[in-house]
Amino acid sequence: MTEKLVVVGAGMASGRMLEHLFEANPDAFDVTLFGAEPRGNYNRIMLSPVLAGEKTYDEIVTHDANWYAENGVNCRFGETVTRIDRKAKVVFSGERETPYDKLVIATGSAPFIIPIAGKDLPGVMAFRDLDDVDAMAAAAGKPNAKAVVIGGGLLGLEAAAALRLRGMEVVVLHLMGHLMERQLDPAAGYLLQKELEGRGIKIHCKAQTKAVLGEERAEAVVLEDGTIYPADIVVMAVGIRPETRIAVDAGLYVERGIVVNDQMVSSDPDILAVGECVEHESICYGLVAPLYDMAKVAAKTLVKEDAAFRPVETATQLKVTGVNLYSAGDFAEGDDREEIVLRDGSAGIYKRLVLKENRILGAVLYGETADGSWFFNMLKKGTDVAEMRDTLIFGQAYQGGGQLDPMAAVAALPDDTEICGCNGVCKGKIVGTITEKGLTTLDAVRAHTKASNSCGTCTGLVEQLMRLTLGDTYNPAAVQPMCGCTDLGHDDVRRLIKAKGLKTIPAVMQELEWKTSCGCAKCRPALNYYLVADWPDEYADDYQSRFVNERVHANIQKDGTYSVVPRMWGGVTSSKELRAIADVVDKFNIPTVKVTGGQRIDMLGIQKEDLPAVWADLSKAGFVSGHAYAKGLRTVKTCVGSDWCRFGTQDSTGLGIRIEKFMWGSWTPAKVKMAVSGCPRNCAEATCKDVGVVCVDSGFEIHFAGAAGLDIKGTEVLGLVKTEDEALEVIVALVQMYREQARYLERIYKWAKRVGIEEIRRQIMEDTGKRKAFFDRFVFSQKFAQVDPWSERVSGKDKHEFKPMAELGFPQAAE
Amino acid sequence: MSDWIEVGKLDDIPQRGARCVNTPIGRIAVFRTATDEVYAIEDRCPHRGGPLSQGIVHGAQVTCPLHNWVFSLETGDAQGADEGAVRTFALKREGERILMDASIMLAVAAE
Ligand code: SRM
Ligand SMILES: Cc1cc2nc3c(=O)[nH]c(=O)nc-3n(C[C@H](O)[C@H](O)[C@H](O)COP(=O)(O)OP(=O)(O)OC[C@H]3O[C@@H](n4cnc5c(N)ncnc54)[C@H](O)[C@@H]3O)c2cc1C
Ligand code: SF4
Ligand code: FES
């Protein structure tokens, strides 16, 4: 008598297994196939094109009624297996019993539904089978229908793109910082996000979903931060877990999936398992390639032939028409690993290979994926690529091909890119004038186009354009690159951030063709500052790219403790403030209290864990952070001035306090220190500060570009103004000009030397329109900057910074 | 004999950041890279004792916050011209859970 084979789950893995089985021996078993879905096997992968309307269901059916009939399969579609009785060797589907000699479990996975309020409302769905697709398509049929897709992984993005194609308004909520973080690094994630946004899909990363709102059915999704997105349907695509319920109930050995050996046999010798429900050597798979290998092995095992399943590398491709994306292997960084990165900012291409000992470990390709399988092949084989290393990244066709061109980024800029911000000159104009007028020197270009004629920040770019137009005959002055991650200098990067509207670090790195994937400790803080300064309202400050002092808002000391310096506006204090400081010092046993060179009080030697508590007490007494750690406004020293001093000509204390209260919290390229003296005796030492004011009878003499640290240099006089209001406007405008133009870590005196004192005087003192515009931009940016970082942290922001993650005792030695 | 104990979840650590684990043998810094690799090293710079957990993380390296030495998270070796190394500790990830081999502590303590 033929043996009875029962298969639970009519999906892709079991379908393939039956094909192999019938090929090997069509008469070995009497087969019964259960499927919870009311249909036979179809190509589940192709559900995305079906949802997008690019394919029909009929086109993706892999086994039709004829096939099952021809192979004598007893089909039980629409029938869920609820229990296995291993002793009696029968399976139950409800009341009905079906005996087996061999059983194959191929139940696939269940979509993971996040346990939030409203998850059970009608309109909330997963994306797993044809019924889900039908439900989504029906919802998309209504006019102005809105969808929220939770999950920015492979599945979620395919759903989002498809629903968008059907005309829905689509928002994707993604918990992590960039899309498809499991397959992509941040740079490729950025390109993908840009592409999808270009199609009208809204992407919200770092989104913590709180609940689905609605009475009768889903109406909206609300996030932890309070954002609300209206939704007719909510698609949860946050992950899958192996569907193992019947196996667990039957007492089979199950970890995350049903554990099998190399022959696909479970802990019961008569029960096999294949597909996503399986765990082999601690790995569960979610892509079909390895499942097909399992299917082949299981078929052989059933007909008693030798075969063994071996773990395999997997490669992914996103099936969204028009998006080319490929990722394979392991692309994490490591120190014995090297990476080769190729970026083409204008064509939106990003390729990254991770190598170890001259063998490819991982590949991420975006924009141009033709070489994906070539790389993947070498990855699987462990091919030694030493010979072709230099040209490897260019792909198979280019073997023996060219070198990276350091001018590529500039060459790729569109003609209307603004190169000179001061005079509003774009690339087309510069290149055009060079050719028309036959210009060959920088001065000639300056004279004819006005580009690079003012602050000079764009000089590097203008010279590169000359090189591009004139060829090797023009030799631009060598620019000092920002760091080893790029060939561009600080000025070029600053100009291009503005000109190209780059608003995130990955965007800068991609568009400006960075040579590393994650930057370094030199370029990341600089880029973070440039983005904060240029897009105060839009840029999300990247704390991981800040030096620790600016991250934890205190100064790290040589022993790893911190010092805390509260603001003491203009150096003026009171008994109440001093008492509060005394109390904090006692309460937290602070070892040293010192009056600083900046007219305020420093508490030194505080444990990092205590910082939030110290700040809480200081905040209660009205103190805010003194930013003694910041590339930002530090102190405004003052003298007693006309309030007390017999020589005082103006209220220097009052003006100093006013300036400090107006400007605190702003980030600057390097630290900014100021002082206001009441008369030319200059007791506040205003003439060696970044910005100083010396009060005189006729008004206020504004000084700048002094130094008294590594270098000593007296200030330059910017000009004389009559009123306090004018003094404030001039100072603010000057600092804003510096914020917009200087290189990271460049103090005002160095910037002024580069740009020219005259030019600064012209823009700030003479051109009142410019001055007003600088002033207004500073005021705008203060709206987002003037938040006391201490009280923010007292109320819980960045909690993780201040607490150890775990405390471990000595482990108990095993008996 | 290894003795794996959970020290936290992946999401407890920001990407390109670190958290500390206090142990009887001193503070250990657990790092998470941009690509979600995790590494554990001694939180003490061999130069002058800087807390490496407070440094900027780039690739699988960290720059010490005190005087900018750069260390490999994988091998613990100082990079470039600087010479020195920090002790590294084995970590294991099980899904979101990060586990550390606690038996090493006995071994270190016994040294
Ligand atoms: C606390 C203080 C010394 C004091 O006890 O008086 C101090 C302490 C430090 N100074 Fe300063 N400077 C202090 C006033 C000054 C002054 C005088 C002043 O502000 O009037 C100067 C000269 C003016 C100037 O800024 O150039 C000064 C020039 C420097 C420099 C050289 C900067 C330069 O470009 O030339 C550095 C190094 C740097 O910034 O790279 C520095 C760096 C430092 C650092 C931050 C060193 C570091 O990187 O860790 C010290 C931090 C100790 C801490 O945790 O508090 N400190 N430092 C003063 C704090 C003032 C405040 O209330 O904020
Ligand atoms: C939209 C989408 C796109 C995808 N794209 C890709 C891709 O591009 N590349 C790729 O490699 N992979 C892709 N996948 C994943 C791929 O489809 C799966 O890996 C594959 O289908 C898993 O095969 P399986 O046989 O293990 O499970 P399934 O194909 O899910 O089959 C399991 C079947 O068992 C049934 N079942 C479960 N429990 C019972 C029970 N108790 N009784 C009876 N029947 C039961 C289920 O209803 C289901 O029909 C995609 C998946 C989806 C949903
Ligand atoms: S002068 Fe400034 S940097 Fe130098 S030791 Fe004193 S506080 Fe530190
Ligand atoms: S203590 Fe780390 S570099 Fe000096």
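**Exercise 1. Determine which strands helix α22 of chain A lies across, and describe the sheet to which these strands belong.**

Step 1. In this predicted model, helix α22, which spans residues 724–741 of chain A, lies across β33 (672–677), β34, β35 and β38 of chain A. Relative to β35(A), the helix runs at about 15°.

Step 2. The strands crossed by the helix are part of an open sheet of five strands in chain A, whose order is β32-β33-β34-β35-β38 and whose pairing is mixed. At the edges stand β32 (633–638) and β38 (716–721) of chain A, and because each has a single partner strand, one side of each is left without a neighbour in the sheet. On average, neighbouring strands of this sheet are turned by 15° against each other, with direction ignored.

Step 3. Within the sheet, β34 (residues 691–696) and β35 (residues 699–704) of chain A are paired in the antiparallel sense through six bridges. In this pair, the residue of β35(A) that stands opposite Val691(A) is Phe704(A).

Step 4. To place the region in the record, note that UniProt, in an unreviewed entry, gives the feature "domain: Nitrite/sulphite reductase 4Fe-4S" at residues 630–771 of chain A. Over residues 630–771 of chain A the chain is 37% helix and 24% strand, with the end C-alpha atoms 26 Å apart.

**Exercise 2. Work out which strands of the open sheet β9-β16-β10-β11-β12 in chain A stand at the edges, and then find the helix that lies across β10, β11 and β16.**

Step 1. The five strands of this open sheet in chain A follow the order β9-β16-β10-β11-β12, and their pairing is parallel. The edges are taken by β9 (124–125) and β12 (202–204) of chain A, each of which has a single partner strand, so one side of each is left without a neighbour in the sheet.

Step 2. Strand β11 (residues 169–173) of chain A is joined to β12(A) by three bridges, and the two run parallel. For Val172(A), the bridge partner in β12(A) is Ile203(A).

Step 3. The helix is α6 (residues 154–165) of chain A, which lies across β10 (146–150), β11 and β16 (233–236) of chain A and runs at about 165° to β11(A).

Step 4. UniProt lists residues 4–280 of chain A for "domain: FAD/NAD(P)-binding", again in an unreviewed entry. That span is 25% helix and 27% strand, and its end C-alpha atoms lie 26 Å apart.

**Exercise 3. Describe the surroundings of ligand 2, beginning with the residues that come nearest and ending with how much of the ligand the protein covers.**

Step 1. There are 28 residues around ligand 2, and those that come nearest are Ala13(A), Glu37(A), Arg128(A), Glu276(A) and Lys319(A).

Step 2. Three helices of chain A, namely α1 (12–24), α6 and α9 (288–302), each supply at least two residues of the shell around ligand 2.

Step 3. Now consider contacts made by the backbone. A polar backbone atom of Met12(A) is 3.2 Å from an oxygen atom of ligand 2, and a polar backbone atom of Val288(A) is 2.8 Å from an oxygen atom of the ligand. For Val81(A), a backbone N or O atom lies 3.0 Å from a nitrogen atom of ligand 2.

Step 4. On its own, ligand 2 has 1,000 Å² of accessible area, and the protein covers 90% of it.

**Exercise 4. Identify the side chains that have polar atoms close to oxygen atoms of ligand 1, and describe the hairpin formed by β30(A) and β31(A).**

Step 1. Of the 18 residues around ligand 1, the ones that come nearest are Gln557(A), Thr596(A), Gly597(A), Arg600(A) and Lys671(A).

Step 2. A polar side-chain atom of Lys594(A) lies 2.8 Å from an oxygen atom of ligand 1. In the side chain of Thr596(A), an N or O atom is 2.7 Å from an oxygen atom of the ligand, and a polar side-chain atom of Arg600(A) lies 2.7 Å from an oxygen atom of ligand 1.

Step 3. Strands β30 (residues 592–595) and β31 (residues 601–606) of chain A pair in the antiparallel sense over four bridges, and Thr592(A) stands opposite Leu604(A) in β31(A).

Step 4. The two strands, β30(A) and β31(A), form a hairpin with five residues between them, and in the turn Gln599(A) has a positive phi of about 65°.

Key: Residues numbered from 1 in each chain as written. Chains lettered and ligands numbered in written order. Predicted model: local features only at pLDDT ≥ 70, side-chain atom pairs only at ≥ 80, totals over all residues. Heavy atoms only, no water. Pairing = 2+ DSSP bridges. Contact = heavy atoms within 4.5 Å. Axes fitted to C-alpha atoms, helices over the stretch in contact; angles between N-to-C directions. Near = heavy atom within 4 Å. Polar contact = N/O pair within 3.5 Å; in protein donor to acceptor, adjacent residues only side chain to side chain. Areas by Shrake-Rupley, 256 points an atom, 1.4 Å probe, with all protein chains shown as cover. UniProt positions renumbered as here; feature names shortened; annotations may be inferred.
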